[in-house]
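User: I'm new to reading structures and would like to understand how the words follow from the numbers. Could you take me through this one?

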Amino acid sequence: MIKVRDLHKTFKVHEKQAGIKGSLKSLFARKWREVNALDGVSLTIEPGELVGLVGSNGAGKTTLTKILSGVIYPTSGEVSVLGYVPWERKIAFRQQMSLVMGQKNQLWWDLPAADCFLLLKEVYEIPDQAYNQRLAEISELLEVKDLLSIQVRRLSLGERMKMELIAALLHHPKVVFLDEPTIGLDITAQRSVRRFLREYQTRYKPMMILTSHYMQDIAELCKRVVVIRKGKIVYDGALANLRTRYENTRLVVATLKNGVSPFDHVGDTAVEFNPENREVRAHVSKHSIPAFINALFSAHEVDDLSVEGEDISTVIERVMRHGP
Amino acid sequence: MGLKIAAPLRHSWLVFSAETKRLTAYRAQFWFELVLSSIVELLIALAVWRTVFAASGATQIGGYTLEGMMLYLTVAIFFGQATKGTGVGTFQREVYDGSLTKYLIYPLSVYSYKLGTFMPRSLFALGQMLLALAGIWLLGYWPPETSLSFEWMMAGIVCLFFSCLLYFFLIILLESLAFWADNIWALSYALQIAIVFLSGKAVPLELFPSWVRSVLEISPFPFLAYFPAQVFLGTIDYHNFVAGVPVLLGWTVAAYAGSRIIMSRGLHRYTGVGQ
């Protein structure tokens, strides 16, 4: 279980004026600014949950992940991960957790992945049989069995990320922090990583905290999302509820029976009308849909009608940018 | 208790073998960095001293004959290489670019890991030194006034082990300043230059003015090359050996304690940001 209470993290950053004058001035006197990366974050994550942590750049997601994994200290607040205070970095804690950072290589760049895994086998004290079985299983799921003897630096970005995932999961951690594991990967590799994470989580049920800028990752993998904005949690709940609560508009698409003169409004709502296929499209506020449909049916003969919910990515992005 | 001690040692050994695999992963780099560079350094030092002896017309300088100087430099240069391990700059770079993170998440201590990566180069240097000594003997340049004894050689290797630890802890101590200043490459580089001159790796300490020697004797620098080299060659008198060992051990313990304290404080400031 992960429990976080009133977590704060403040960084002091140096502000330098642009230009050579600013550079020279900064040699003697520096101006510092305090940035509240986390501002009173509280949350609880139950065993076996896969939680999506989303937010714009600089929102505080990676800072939260680093504190939860024990890489950095908080300024104040309480955190318990599996019963440990992460930044005390007890060996028993580190044996039960993993951190995968999509932007950082944690394997030994100059060694084949197989050698890296052997080292990790010893570090995590994984028995031979369990190691062989897990390596075979995970490398098969990720389709990289034939690449294990190739130097890590010679692998493609996607292949390397898959190796990072193997390294992170060989010891069957109880909690896995995934910080942008699909960043920079092509669509196929992203899909493959997502498929693997879903499969692994279903089989072994570790707690997983997934940070990603790709909303597709969150939408496909996480039932629960935590949205962080300017260091504060602005939404923590089911992904499905996020849509219900924050969806602003829905897309109404109607096909008219007969050709009509071009028009750009139905009632008070602006619409796009395509005379060629007689299609009317309008983004209509959720509460105005019945009135819009009534107005549409009163003014035109409608052949076909559909109402589509807003894409979940759009909803999340809106909450990330503007708050709930 | 036994397990607590055994685990870091086992981890160091595992990292040691991984680092050895890494060092031998690139053949050209291995031969250039670990073999050729040491040979070139040694040949330059020997050529300089041969010229100095020829120009001065002296048969002895600072109590060293030309052959004695060649023998001392051979041991001091390779001992200097051995104590240097992975060299300076690595730790401060890891703090600077955030790659220190990986040592913080794996269940092993940063010290076990870093020592494991430090030691393979030390062993390579020791092996090279033994080959170089064999070469000097075979070519007939062995000074008649020096004869190696097994006891002094073993004592020298034990001192060298502590010298490696001392260098390692000093580097961690100094480079932990990167937690505060981010980039301290220039400071690391200055330390490296100071070590080359003050450790006796380039010039035996007998050639320094006596007041400089008095200061150096209580500093950690001579223990990084000069002291273990003298012990290995058996050219140190017993009194100086007995006086020097506690100083070496004292500096090692002090550097270890200092590095633990400063790194522990520095980790509170670590942000893990970088490329």
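User: What makes H4(A) roughly parallel to H6(A)?

Analyst: Let's start with the angle, keeping in mind that this is a predicted model. The axes of helix H4 (residues 113–123) and helix H6 (residues 157–169) of chain A cross at roughly 15° and come within 10 Å. Angles under 35 degrees count as roughly parallel, so H4(A) is roughly parallel to H6(A). The crossing of H4(A) past H6(A) is right-handed.

User: Which residues meet there, and how are they classed?

Analyst: From H4(A) come A:Ala113, A:Cys116, A:Phe117 and A:Leu120, and they meet A:Met163, A:Ile166 and A:Ala167 of H6(A). Sorted by class, this contact holds 7 nonpolar residues, with no polar and no charged ones. Ala, Cys, Phe, Leu, Met and Ile count as nonpolar, so that is how the names turn into the class count.

User: Now chain B. Why is H3(B) called roughly antiparallel to H6(B)?

Analyst: Here the angle is about 165° between helix H3 (residues 66–84) and helix H6 (residues 110–138) of chain B, whose axes lie 8 Å apart. Angles over 145 degrees count as roughly antiparallel, so H3(B) is roughly antiparallel to H6(B). This crossing is right-handed.

User: What residues make that contact?

Analyst: H3(B) contributes B:Met70, B:Leu71, B:Thr74, B:Val75, B:Phe78, B:Gln81 and B:Ala82. Among the residues of H6(B) in the contact are B:Ser122, B:Ala125, B:Leu126, B:Gln128 and B:Met129. By class, the contact of H3(B) with H6(B) has 11 nonpolar, 4 polar and no charged residues.

User: Let's move on to strands. How do you know which strands are the edges of the sheet E13-E14-E10-E15 in chain A?

Analyst: Look for strands that pair on one side only: these are strand E13 (272–274) and strand E15 (302–308) of chain A. The sheet is open, has 4 strands and pairs antiparallel. From one strand to the next, the twist averages 15°.

User: How do you know that E13(A) and E14(A) pair?

Analyst: Count the bridges. Two strands pair if at least two bridges are found between them, and E13(A) and E14(A), running antiparallel, are joined by 3 bridges. Within that pair, A:Asn274 stands opposite A:Glu279 of E14(A). E13(A) and E14(A) also form a hairpin with 4 residues between them, and A:Arg278 in the turn has a positive phi of about 60°.

User: How many bridges does E10(A) form with E14(A) and with E15(A)?

Analyst: E10(A) pairs with E14(A) in the antiparallel sense over 7 bridges. One place to look is A:Val253, which stands opposite A:Arg281 in E14(A). Strand E10 (residues 249–256) of chain A pairs with E15(A) over 6 bridges, also antiparallel. There, A:Ala254 has A:Leu305 as its bridge partner. Helix H10 (residues 289–299) of chain A packs on this sheet, touching E10, E14 and E15 of chain A, and its direction makes about 15° with that of E10(A).

User: Which side chains along E14(A) are buried and which are not?

Analyst: They alternate. A:Val280, A:Ala282 and A:Val284 point to one face and are buried. A:Glu279, A:Arg281, A:His283 and A:Ser285 point to the other face and are not buried. The cut-off for buried is 20 or more other C-beta atoms within 10 Å of a residue's own.

User: What is the pairing in the sheet E5-E6-E7-E3-E8-E9 of chain A?

Analyst: That open sheet of 6 strands has mixed pairing. Strand E5 (97–101) and strand E9 (232–238) of chain A are its edges, since each pairs on one side only. A parallel example is strand E3 (residues 50–54) with strand E7 (residues 207–211) of chain A, over 4 bridges. In this pair, A:Gly52 has A:Leu210 of E7(A) as its bridge partner.

User: What packs on the sheet, touching E5 and E6 of chain A?

Analyst: An old friend: H6(A), whose direction makes about 165° with that of E5(A).

User: Finally, how many residues link the two chains?

Analyst: 18 residues of chain B are in contact with 22 residues of chain A. On the chain B side, H1(B) gives the most, with 5 residues. That side divides into 9 nonpolar, 6 polar and 3 charged residues.

Methods. Residues are numbered from 1 along each chain as its sequence is written. Chains are lettered from A and ligands numbered from 1 in the order in which they are written. This is a predicted model: local features need pLDDT of at least 70, side-chain atom pairs count only at pLDDT 80 or more; totals for chains, interfaces and linings use all residues. Two residues are in contact if their C-beta atoms, placed from the backbone, lie within 7 Å. Helices (H or I, at least four residues) and strands (E, at least two) are DSSP runs, numbered from the N terminus. Axes are lines fitted to C-alpha atoms, for helices over the stretch in contact, and angles run from 0 to 180 degrees between N-to-C directions. A residue is buried if 20 or more other C-beta atoms lie within 10 Å of its own, exposed if 12 or fewer, and partly exposed in between; C-beta atoms are placed from the backbone. Angles under 35 degrees count as roughly parallel, over 145 as roughly antiparallel, 65 to 115 as roughly perpendicular and the rest as oblique. A crossing is left-handed if the near helix is turned anticlockwise from the far one by less than a right angle, and right-handed if clockwise.
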